[in-house]
Amino acid sequence: MGNDVNRQVRLAARPQGTPGPEVWEHTSEPVPEPGAGRLVVRVSHLSLDPAMRGWMNEGKSYAPPVGLGEVMRALGLGRVVASRHPEFSVGDTVTGVVGIQEYLESDGSGLQKVQPADGVPPERYLALLGMTGMTAYFGLFDVGALAEGETVVVSGAAGAVGSVVGQLARIRGARVIGIAGGPEKCSWLTGELGFDAAIDYRTENVSQRLKELAPDGVDVYFDNVGGDILEAVLGRLAMHARIVICGAISRYNAEGVPAGPRNYMNLLVFRARMEGFLVGDYAERWGEAAAELAGWLAEGRIHSREDVVDGTVDDFPEVLLRLFRGENTGKLVLRLGETRTGS
Ligand SMILES: NC(=O)c1ccc[n+]([C@@H]2O[C@H](COP(=O)([O-])OP(=O)(O)OC[C@H]3O[C@@H](n4cnc5c(N)ncnc54)[C@H](OP(=O)(O)O)[C@@H]3O)[C@@H](O)[C@H]2O)c1
């Protein structure tokens, strides 16, 4: 497309521990013209997801690893700028797997059109109204089978998924305890978001606080972090508790084989169940969840917070690390600047 350049970030090496600049290669190539039945998307927003760390590892997982030399996999949002595809027109807004690059050339598979509603910022379609909201909704309601009056604990509570989980639990009539890092995040949870209580895991003893805040035990634990916090909640289960394994960010950069949980036999004692899930498994029901979430948003019963960083694709490696340092509140999004031309 003329002289436009498509800047990209590719995976150059498999990281050991936290991914530093050495694992990335910054490249550029001409923006492609769409082939027959294909389209080109100008990417405007990139979704920063802890799962990206797992996609960088070799080995079997729920998705194949990003190959060395390939453009880093990423969800995002953008606008169709050229199309020879019957179902997409220039000007359409789309979300899906776009990669860490300024332009995506695609056959359209895996891309969904969104109709941006008035007053809804585009980044929200990567947050509450996108994959993040779907993860919270199906994880809590389907896997967690949450019922009114139950006690819910969610870790990573001030993050993208966790902040939605706690609010959904309140809407369902449950009591919600959030676990997050730092006093500002904890005050946001109990203030603006209406959580019943919050535990600052950096300064407080999580087991002790859970004993005080959930004397009758925890019915649903929505786990985003794994590790010591998972063990602490396993030590305070109610009978027939459900533990939803959404993720384990505390371990994503760990080297070597992780320990524990040492007290998993509490699952037997309390006839509890622990179950992992993938949001993609619920793709056929996304419409149902999106409609319900949009309704609650419009009624002011749920808030969506996006932590938007302005930059270019070259900023991706550094912005990604904010997730692992706990520097985001709500959904972390990299908003890309205007298209550069020439060179
Ligand atoms: N199963 C699925 O289909 C699915 C889909 C989407 C996401 N997920 C998972 O859901 C979890 C949350 O994802 P997200 O997108 O919402 O990210 P996020 O929570 O917005 O961001 C990560 C947060 O994790 C916390 N964190 C980082 N290192 C930690 C550690 N060592 N111990 C405890 N907390 C730590 C930080 O908050 P603090 O300041 O509180 O430490 C950070 O802000 C991740 O595990 C992700 O992999 C799963």
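Reader: Which helix gives the most residues to the lining of the largest cavity?

Author: That's H3, with 3 residues in the lining. Keep in mind that we're looking at a predicted model.

Reader: What makes this space a cavity rather than a pocket?

Author: A cavity is a set of points where a 1.4 Å probe fits but cannot get out, while a pocket is an open set. By this rule there is 1 cavity of 30 Å³ or more. The largest cavity has a volume of about 40 Å³.

Reader: How do you know which residues line the largest cavity?

Author: A lining residue has an atom within 4 Å of a cavity point. For the largest cavity, that gives Ala 127, Leu 128, Thr 132, Ala 160, Ser 163, Val 164, His 303, Ser 304, Arg 305 and Lys 331. By class, the lining splits into 4 nonpolar, 4 polar and 2 charged residues.

Reader: Why do you say the largest cavity lies between domain 1 and domain 2?

Author: Because domain 1 (5–127 + 305–336) and domain 2 (131–281 + 291–296) both give residues to its lining.

Reader: What about the ligand: which domains does the shell around it draw on?

Author: Domain 1 and domain 2 again, with at least three residues from each. As for helices, H2 (131–143), H3 (160–171) and H9 (316–325) each supply at least two residues of the shell.

Reader: What makes a residue count as near the ligand, and which ones come nearest?

Author: One of its heavy atoms has to lie within 4 Å of the ligand. There are 27 residues around the ligand, and Val 161, Lys 185, Tyr 201, Val 279 and Asn 328 come nearest. The shell divides into 16 nonpolar, 9 polar and 2 charged residues.

Reader: How do you know that Val 279 makes a polar contact with the ligand?

Author: The cut-off is a pair of N or O atoms within 3.5 Å. A polar backbone atom of Val 279 is 2.8 Å from an oxygen atom of the ligand, so the pair passes. Cys 246 passes too, because one of its polar backbone atoms is 3.0 Å from a ligand nitrogen. For Ala 248, a backbone N or O atom lies 3.5 Å from a ligand oxygen, so that pair sits right at the cut-off. Overall, the protein covers 91% of the 910 Å² of accessible area that the ligand has on its own.

Reader: Which residues line the second largest pocket?

Author: Among them are Val 66, Glu 70, Arg 73, Gly 99 and Leu 104. The space in this pocket is about 180 Å³, and its lining has 6 nonpolar, 2 polar and 2 charged residues.

Reader: What makes the bond between Gly 260 and Pro 261 cis?

Author: Its omega is about 0°. Most peptide bonds are trans. Pro 261 sits in the loop between strand E12 (237–245) and helix H7 (266–269).

Reader: And what makes His 240 worth a look?

Author: Its phi is positive, about 60°, although His 240 is not a glycine. Most residues other than glycine have a negative phi. You'll find His 240 in strand E12.

Conventions
Residues are numbered from 1 along each chain as its sequence is written. This is a predicted model: local features need pLDDT of at least 70, side-chain atom pairs count only at pLDDT 80 or more; totals for chains, interfaces and linings use all residues. Side-chain values use heavy atoms; hydrogens and water are left out. A polar contact is a pair of N or O atoms within 3.5 Å; within protein, one must be able to donate a hydrogen and the other to accept it, and residues adjacent in sequence count only if both atoms are side-chain atoms. Accessible areas come from the Shrake-Rupley method with a 1.4 Å probe; for residues, only the protein chains shown count as cover. Helices (H or I, at least four residues) and strands (E, at least two) are DSSP runs, numbered from the N terminus. Ala, Val, Leu, Ile, Met, Phe, Trp, Tyr, Cys and Pro count as nonpolar, Asp, Glu, Lys and Arg as charged, and the others, Gly among them, as polar. Domain bounds come from an automatic or database domain assignment. On a 1 Å grid over the protein atoms alone, a cavity is a set of points where a 1.4 Å probe fits but cannot get out, and a pocket is an open set with protein on both sides within 12 Å along at least five of seven lines; lining residues have an atom within 4 Å of a point. Grid points are joined across faces, edges and corners, and a volume is the space filled by probe spheres set on the points.
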